[in-house]
Amino acid sequence: MEFDTIAAISTPSGEGAIAIVRLSGPEAIGIADKLFRAPGGRPLASQPTHTIHYGHLEDPTTGEVAEEVMVSFMKGPKTFTREDVIEINCHGGIVSVNRVLQLVLQAGARLAEPGEFTKRAFLNGRIDLSQAEAVMDLIRAKTDRAMDVALGQMEGRLSKLISTLRQALLESIAQMEVNIDYPEYDDVEEMTRPMMLEKAEWVRAEIEKLLQTSSQGKILREGLSTVIVGRPNVGKSSLLNSLVHENKAIVTEIAGTTRDIIEEYVNVRGVPLRLVDTAGIRETEDIVERIGVERSRKVLKEADLILYVLNYSEALTAEDELLFEAVKDMNYIVVINKTDLPQGIDLEQVQQLAGSKRMVTTSLIEEEGIDQLEEAIAALFFEGEIEAGDMTYVSNARHISLLHQAHKTISDAIGAAEMDVPVDMIQIDVTRTWEILGEIIGDTADDGLLNQLFSQFCLGK
Ligand SMILES: Nc1nc2c(c(=O)[nH]1)N(C=O)[C@@H](CNc1ccc(C(=O)N[C@@H](CCC(=O)O)C(=O)O)cc1)CN2
Ligand SMILES: Nc1nc2c(ncn2[C@@H]2O[C@H](COP(=O)(O)OP(=O)(O)OP(=O)(O)O)[C@@H](O)[C@H]2O)c(=O)[nH]1
């Protein structure tokens, strides 16, 4: 496919050592040669591909030397987009890099849309849709594990599995076709059903395996939303601080509807915890009133993990018991804090209320027990994991939804095959499954979807 030539700043905005303006498209080299002067005077077009060159950019309208740069020259198709790519490495700094971008745009490039470079890599067939989506996940990954999942997907692990499943479906579609075309051969019919069933059941089992990974994949991607609760003064802020200090927080601001919510990510043994709006909860004084408040209930309900803090030196109160009731169906860990003080709590009573939930004791003031707490968090997260290592995780909400749909249609096909429904009816469900799986890798994706997906990318990616 032939496109126009796009350009964008591909490095973060702000001051830095070096910044990159990237160009891709049929005019990329021509545009660069309008601006670039190497000491030897040779144009980039005459150079061997995949080389880097020192020189200056000149404003062609004024003849003024604008910038000192290094230019990477990469002829397609062995490039990120499969098109001709030019990367101008200039001095980092907001003015410098913007001036380079302006020059490039004046010389005929169009400002790229967010994700457009990656979109071209997709449209030009270098990567499929799930790989392109993984590029974005990679940028957003906050832990090594999340990064490994994204890398695996980018290298095509999910795509390969999906393609294998689709191949199996295609084979059974073909077999059914024979059956439909030659209904007079009974032995074909006899062969078709068991073969079709076996393939369909295998596909369904594989889809189920993928779906089983999805909750973990989602958490790796988005973080385990975590809320710290407990009566006033038990040590909630201290716990938050210990987790943040031990595990360096990444703070991100997410544009909310009424105000910006600040989220803190901490990486606890590979599990990203998203500490959600804890300040709001910490500020409320009366806990009985608080769990009656709709908003707090909602925060609790949406949490993937609750850290429920108790005071070791005091007996449980009615409030504590109420809170046990409020969180009883959720994932929570009981943190019994202040073990440096004399015991006042009835541990057996806590045990009874907490049932099979994990309990750890800490003295945050003496920095004790944090290790055990982290271990408990990691265990909670990883215990359901089916053999880590080279697992194919599904973490993307779009993929999960499509896998659920595919699971339904393939189950319909299996049900129909077992019930002696005519083969051409079964074939409809199998074909539909094949189509739905195709949407994951972008084989059957429409323009609206593509635009929506790529627009979520960073500018210049
Ligand atoms: N300067 C710079 N650094 C970068 C990127 C970039 O675009 N520019 N990348 C951007 O994300 C990433 C690297 N990703 C890339 C992926 C594929 C190809 C590429 O040229 N692939 C070709 C040829 C491979 C080969 O030589 O065998 C291909 O697959 O056909 C280039 C970069 C990270 N670092
Ligand atoms: N002895 C002792 N004191 C602690 C421990 N952890 C926290 N504290 C103290 O307990 C007091 C309350 O701690 P915070 O972390 O502010 O408790 P909180 O639950 O956030 O309190 P509120 O914001 O009022 O709900 C502070 O004076 C802490 O220094 C501990 O392990 N042992």
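Buried means under 20% relative accessible area, exposed over 50%, and partly exposed in between (1.4 Å probe, protein chains only). Helices (H or I, at least four residues) and strands (E, at least two) are DSSP runs, numbered from the N terminus.

This is a predicted model, in which local features need pLDDT of at least 70 and side-chain atom pairs count only at pLDDT 80 or more, while totals for chains, interfaces and linings use all residues. Residues are numbered from 1 along each chain as its sequence is written, and side-chain values use heavy atoms, leaving out hydrogens and water.

**Exercise 1.** Work out how many residues of strand S13 are buried, and which residues lie on each face.

*Solution.* Start with the count: in S13 (residues 332-337), 6 of 6 residues are buried. Next, recall that side chains in a regular strand alternate between the two faces of the sheet. Now sort the residues: Tyr332, Val334 and Ile336 are on one side, with Ile333, Val335 and Asn337 on the other. Both faces are covered.

**Exercise 2.** Find the strands that pair with S13, and trace the connections.

*Solution.* Two strands pair if DSSP finds at least two bridges between them. Strand S12 (residues 305-311) pairs with S13 in the parallel sense over 6 bridges, and Leu307 has Ile333 as its bridge partner. Strand S14 (residues 358-362) pairs with S13, also parallel, over 5 bridges; here Val335 is partnered by Val360. Finally, follow the chain: S12, helix H12 (residues 318-326) and S13 form a right-handed β-α-β unit (with the strands pointing away from the viewer, the path from the first strand over the helix to the second runs clockwise). S13, helix H13 (residues 347-354) and S14 form a right-handed β-α-β unit too.

Conventions
Chains lettered and ligands numbered in written order.
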